[in-house]
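Thank you all for coming; I would like to walk you slowly through one structure this morning. Please take a moment to look it over before I begin.

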Amino acid sequence: MTQVDRSRLESLIRALPKTDLHVHLDGSLRLATLIEMARRQGVALPSFTEAGLRETVFKERYRNLPEYLEGFAYTCAVLQDAESLERTAFELAEDCIGEGTVYLEVRFAPQLHVGPKLPLAETVRAVARGLRRAEAARNVHPDVVSGRVPRFKAGVIVCALRFFNEHFGAEYARILDVHRHAPREELFGLASLEVARAAAQLREEGEPVVGFDLAGQEKGYPASQHRKAYQAAHEGFLGKTVHAGEDYGAESILQAIGDCHADRIGHGVWLFDTTKIGPGVRDKQAYVNRLSEYVADRRITIEVCLTSNQQTVPELAGDLSKHPFGEMRRRRLSTTFCTDNRLVSDTTCTKEILRAADAFDLAPHEIRDLLIYGFKRSFYPGTYLEKRDYVRSIIDYADRTLEAAGFGPDPKRRRG
Ligand SMILES: [Zn+2]
């Protein structure tokens, strides 16, 4: 690709309507806001300059997953009141709007932010307030009102953690303290059930809570411990996504589907890797094939986070074309590009898609289709008919954008 072609492609990607269905609030602060809030709240940071923090904490490359996760201690430390949560959600939405990401599902683990004056439900309401404020500000723009550009829409996904200890925060310490004699695994399930019930209830009350997620270390902490939580989310009609196949293999993805009714999978990096399957499975290749067929046929969508995966999975560090997105594409799986953590991974949706286009040689029409898939597989906070209208407006806008950039209808497109 020549320099001119590449900059033309970048402008096109920026202009096309995008979704981000997998973005963590506490990994996506503005650096300047983190510094400002830390100063005001008396939170110690290794540096109080953006350059200093980029050097010490939020790096371009990380040695491993633990180093990648170090930054969250600082971001969570400043997000312990409703005002900071609301502001961070608002700014994240603004940053997304600025690069044409018009549909957003922000996720966070409320229990990391609960304190004596901040109950679980309030953490969610604060984030929802920030998103609503951004929606209201954006959607009165004359171009949005006239229908020339798409409306901005956002929802909240609440996360539970597969594993925690008393150092994860005051709420987790409290849970462990109250249930001193209970086995830990039981408490992991109990804590996640509380989050799922709160999520379902908040949604009933009209908050834009759209989904439930499970995050944290997979190995040793199976999704089966969170069955009850997912059952509660399921019965509350919430969308279900699970971080799976990120640091463990295909079996973890099957657990996410079997135990948690997953509609979407976060990462799924090891979906095809037979070496990451335990000794209980004899024909590992057949297992991978069957699982992949199931995921494809049920349109279980993989939330692909290329930069984040490259930063935490050493096998992918040098060469993005080794990422299993290539195989997902060949097998026609449903995929959507996501940022995971805009600050920690130093990325945006535009950057993710451009990197994908470079590594996998994606043509503009294929990029368009991938982007629209994100809208279709979203947990849209509204009725199905409203979602259809919204997706229709997105498709029209994407096609107008492609045409204006000199890419007409796809000549290879078959009807039906
Ligand atoms: Zn994630």
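Let me start with the surroundings of one helix: the buried residues of α6 are covered by elements that include β1, α2 (31-41), α5 (71-78), β2, α7 (120-139) and β3. Before I go further I should say that this is a predicted model, and everything I describe is computed from it.

Which residues of α6 are the buried ones? They are Ser 84, Leu 85, Arg 87, Thr 88, Ala 89, Leu 92, Ala 93 and Cys 96. The helix itself, residues 82-98, lies across β1, β2 (101-108) and β3 (153-161), and it runs at about 150° to β2. Its length can be checked with simple arithmetic, because at 1.5 Å a residue its 17 residues should span 24 Å, and the C-alpha atoms at its ends are indeed 24 Å apart. Just after α6 comes Gly 100, which takes a positive phi of about 80°.

The strands under this helix belong to an open sheet of eight strands, in the order β1-β2-β3-β4-β5-β6-β7-β8, with parallel pairing. At the edges stand β1 (18-24) and β8 (335-337), and since each has a single partner strand, one side of each is left without a neighbour in the sheet. On average, neighbouring strands of this sheet are turned by 25° against each other, if direction is ignored. Towards the β8 edge, β7 (residues 301-304) pairs with β8 in the parallel sense over three bridges, and Ile 302 has Thr 335 in β8 as its bridge partner.

Now please find Lys 153, which sits in strand β3. Is this residue buried or exposed? Lys 153 has 24 other C-beta atoms within 10 Å, and since 20 or more is the cut-off, it counts as buried. If we leave aside its neighbours within four places in sequence, Lys 153 is in contact with Tyr 103, Glu 135 and Tyr 390. Glu 293, by contrast, lies 140 residues from Lys 153 along the chain, and the C-alpha atoms of the two are separated by 32 Å.

Finally, let me step back to the whole chain, which has 18 helices and eight strands. Its radius of gyration is 21 Å, close to the 22 Å that the globule rule gives for 416 residues, so the chain is as compact as a globular protein of that length. Of those 416 residues, 46% count as buried, and among contacts with a separation of 6 or more, 74% are between residues 24 or more positions apart.

Notes: Residues are numbered from 1 along each chain as its sequence is written. This is a predicted model: local features need pLDDT of at least 70, side-chain atom pairs count only at pLDDT 80 or more; totals for chains, interfaces and linings use all residues. Two strands pair if DSSP finds at least two bridges between them. Helices (H or I, at least four residues) and strands (E, at least two) are DSSP runs, numbered from the N terminus. Axes are lines fitted to C-alpha atoms, for helices over the stretch in contact, and angles run from 0 to 180 degrees between N-to-C directions. Two residues are in contact if their C-beta atoms, placed from the backbone, lie within 7 Å. The expected span of a helix is 1.5 Å times one less than its number of residues. A residue is buried if 20 or more other C-beta atoms lie within 10 Å of its own, exposed if 12 or fewer, and partly exposed in between; C-beta atoms are placed from the backbone. The radius of gyration is taken over C-alpha atoms; the globule rule is 2.2 Å times the number of residues to the power 0.38.
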